[in-house]
Amino acid sequence: MTNIYVDMLENPVIKALIREQAKFPEDFKLNICEDDEMYLFALGNVKDDRDRALVRYYSLGRRILDTVKQIVDWHFGSFENVPCFLDFACGYGRFTRFLIQEIPPERIWVSDISTKAVKFQTEYFGVNGIVSTGNPENFLVDRKFDCIVVNSFFSHMPERTFSNWLENLYNLLTPNGILIFSVHDECLRAPGAEMPAKGILFSPNSEIQSLDKAEYGTTYVSEKFVREIVDKVSSSKAFVHRIEKGLCRFQDLYIVTNQLVKDFSSLKFNHHPEGYVDVAAFTNKGNLYLEGWAIDANQDGSIEEVQVLVNGKIVQRCEPFYDRLDIDIHFQKDAISPSGWSCYLAKDTVSTEDVLTVKLINNYGGKLIIENCTVQSLVSQKLSQSLLGSTHEKLNLVETQLASAKIQLEQSQHDLNSTQVQLQETQTQLVNERTQLEQTQVNLISVQRHLEETEKYLIHVKEEVERSQNRIQAMETSKFWQLRTAWFKVRRALGLAGE
């Protein structure tokens, strides 16, 4: 079996990466099997650029470790408290080479259907190996495991083996053990691909060329399907927790355990930040200009810092400070915080032979290296996106921004027209109300005048009544009135008619 030998002392790019990524850089196992399809897949994506393929390969292994570590720390306290660890569908050790720096190799078991992969890992990493089988019924293991990790396996299983493999692995757990596995959620399926009622969609396509596509393709599942399968294989005993896009911000992670030592709400899972270097170019004055974007997908998350290192030494720090509409649209997020960043490196701090590392750090302490290569390599890669070459992309961005601004302007004009109509209606209403007020005031004055005249008339009537009462009183006290009254009394006594 031929290995791809990597020497950090001869490769400054990898030396800089491992210094940042490995817990113990001096003891890190760098070699890769030539049949490692994960490395070959990465190599094909970067047009046979060996250094870039290695950076992608190792960086992804570290991201997987960071992901698993958060769950292990939550459940066990640390890797030190995991007596027996199984990495199922392990491949050639992209993840294992980081895991052996957390757990002694003798406490790690790896399993894969590839005999070469298992042999490479047992010989190079010193771990225990189990060759897997095509049929889950034939996978017979005589021991239990405290932690079983299954990365990118169920995301390839057809329905007929999905349930059986899950049941088989679940039955290998110790009473306090946890099973961690990843899947493609249904939201990742191709546009127009209809999801079957059962909640699982299988397509015979995969990046692994050595396996039968009918048995190892690409699978999409719904959360309901996964929970029903776990409930079935555990006889409703297991506790299940889903972490949306928990694996490298792509695949969903599921945690299964029989004993919920801690409530899932206490698992504070944080995603890595994300970003990219769009432009790298030397200016006319010989300074190195860098431009890119960075975002954080965590709740209340933010990018604390973009670090630029030259040969492992920090030479520049910056933060995102301007909006990138294209990034907001791509990630379907509101522009709550800026995502665009840029910085200059003075010509006396960097040369084309230096190794340049760009690292993102979020407010949760999560780190991600988005570039690690020589300055010459980086500038060459970004040549089409240099200060002049990136005009097309910038033009598209400006056009997008102008289109958005036009929509906003049209909306503002519409709002202005509506406001003007409302203002005119308000002014008309105000004029009407003023007219009514003036008429009311006129009516009030008329009523007041009428009231005053009425009051004067009442005073006059009162005076007349008083004068009449005085006259009557004077008449009643006169002698004539007294004789008159006596005369009427005589007439009544004599029975004469009339008063």
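**View 1. Two aromatic rings share helix H5.** Look along helix H5, which covers residues 115-124, and you will find both Phe-120 and Tyr-124 in it. They sit 4 residues apart, about one turn of the helix. This is a predicted model, so please read every view here as a prediction. The rings of Phe-120 and Tyr-124 form a tilted aromatic pair, with 5.4 Å from centre to centre and 35 degrees between the planes. Is Phe-120 buried or exposed? Phe-120 has a relative accessible area of 2%, so it counts as buried.

**View 2. Phe-321 and Tyr-322 make another aromatic pair.** This pair is edge-to-face: the ring centres are 5.0 Å apart and the planes meet at 70 degrees. Phe-321 is exposed, with a relative accessible area of 52%. Its partner Tyr-322 has 24% relative accessibility and therefore counts as partly exposed. If you enjoy looking for rings, the structure holds 24 aromatic pairs.

**View 3. Nine rings gather into one aromatic cluster.** The members are Phe-88, Phe-139, Phe-153, Phe-154, Phe-162, Trp-165, Phe-181, Phe-225 and Tyr-254. While you are in this part of the sequence, here is a note from a database record. UniProt, in an unreviewed entry, places the feature "domain: Methyltransferase type" at residues 86-179. Over residues 86-179, the model shows 28% helix and 27% strand. The C-alpha atoms at the two ends of that stretch are 10 Å apart.

**View 4. Glu-167 in helix H6 meets a residue from elsewhere in the chain.** Helix H6 spans residues 159-170, and Glu-167 is one of its residues. With 33% relative accessibility, Glu-167 counts as partly exposed. Which distance separates the C-alpha atoms of Glu-167 and Val-233? They are 5.1 Å apart, although 66 residues separate Glu-167 from Val-233 along the chain.

**View 5. Helix H2 has a cap at its N-terminal end and several buried residues.** At the N-terminal end, Asp-36 acts as the cap: one of its side-chain oxygens lies 3.0 Å from the backbone nitrogen of Met-38. Within H2 (residues 37-45), the buried residues are Glu-37, Tyr-39, Ala-42 and Leu-43. What covers these buried residues? The cover includes strand E1 (3-4), strand E2 (32-33) and helix H3 (50-76). Just after H2, look for Lys-47, which takes a positive phi of about 55 degrees.

**View 6. Strands E10 and E11 form a hairpin.** Strand E10 (residues 239-247) and strand E11 (residues 251-257) run antiparallel and are joined by 6 bridges. Leu-247 stands opposite Gln-251 in E11. There are 3 residues between the strands, and in this hairpin Cys-248 takes a positive phi near 55 degrees.

**View 7. Three strands, E12, E13 and E16, form an open sheet.** Follow the order E12-E13-E16, and you will see that the pairing is antiparallel. The edge strands are E12 (274-282) and E16 (340-345), each of which pairs on one side only. On average, neighbouring strands of this sheet are turned by 20 degrees against each other, ignoring direction. Between E12 and strand E13 (residues 288-295) there are 8 bridges. To find one place where they match up, look at Val-277, whose bridge partner in E13 is Gly-292.

**View 8. Four strands, E15, E14, E17 and E18, form an open sheet.** The order is E15-E14-E17-E18, and the pairing is antiparallel. Strand E15 (313-318) and E18 stand at the edges with a single partner strand each, so one side of each has no neighbour in the sheet. From one strand to the next, the twist averages 20 degrees. Helix H1 (residues 12-21) lies across strand E14 (303-310), E17 and E18, and runs at about 165 degrees to E18.

**View 9. E17 and E18 form a hairpin.** The two strands have 4 residues between them, and Gly-365 in the turn has a positive phi of about 90 degrees. Strand E17 (residues 355-362) is joined to E18 by 7 bridges. Ile-361 has Lys-367 as its bridge partner in E18, while Val-358 stands opposite Glu-371. How many of the 8 residues of E18 are buried? The count is 6, so strand E18 (residues 367-374) is described as mostly covered.

Note on methods:
Residues numbered from 1 in each chain as written. Predicted model: local features only at pLDDT ≥ 70, side-chain atom pairs only at ≥ 80, totals over all residues. Heavy atoms only, no water. Pairing = 2+ DSSP bridges. Axes fitted to C-alpha atoms, helices over the stretch in contact; angles between N-to-C directions. Buried < 20%, exposed > 50% of the residue type's maximum accessible area, 1.4 Å probe, protein only. Contact = heavy atoms within 4.5 Å. Polar contact = N/O pair within 3.5 Å; in protein donor to acceptor, adjacent residues only side chain to side chain. UniProt positions renumbered as here; feature names shortened; annotations may be inferred. Phe/Tyr/Trp six-rings, centres within 6.5 Å; stacked < 30°, edge-to-face > 60°.
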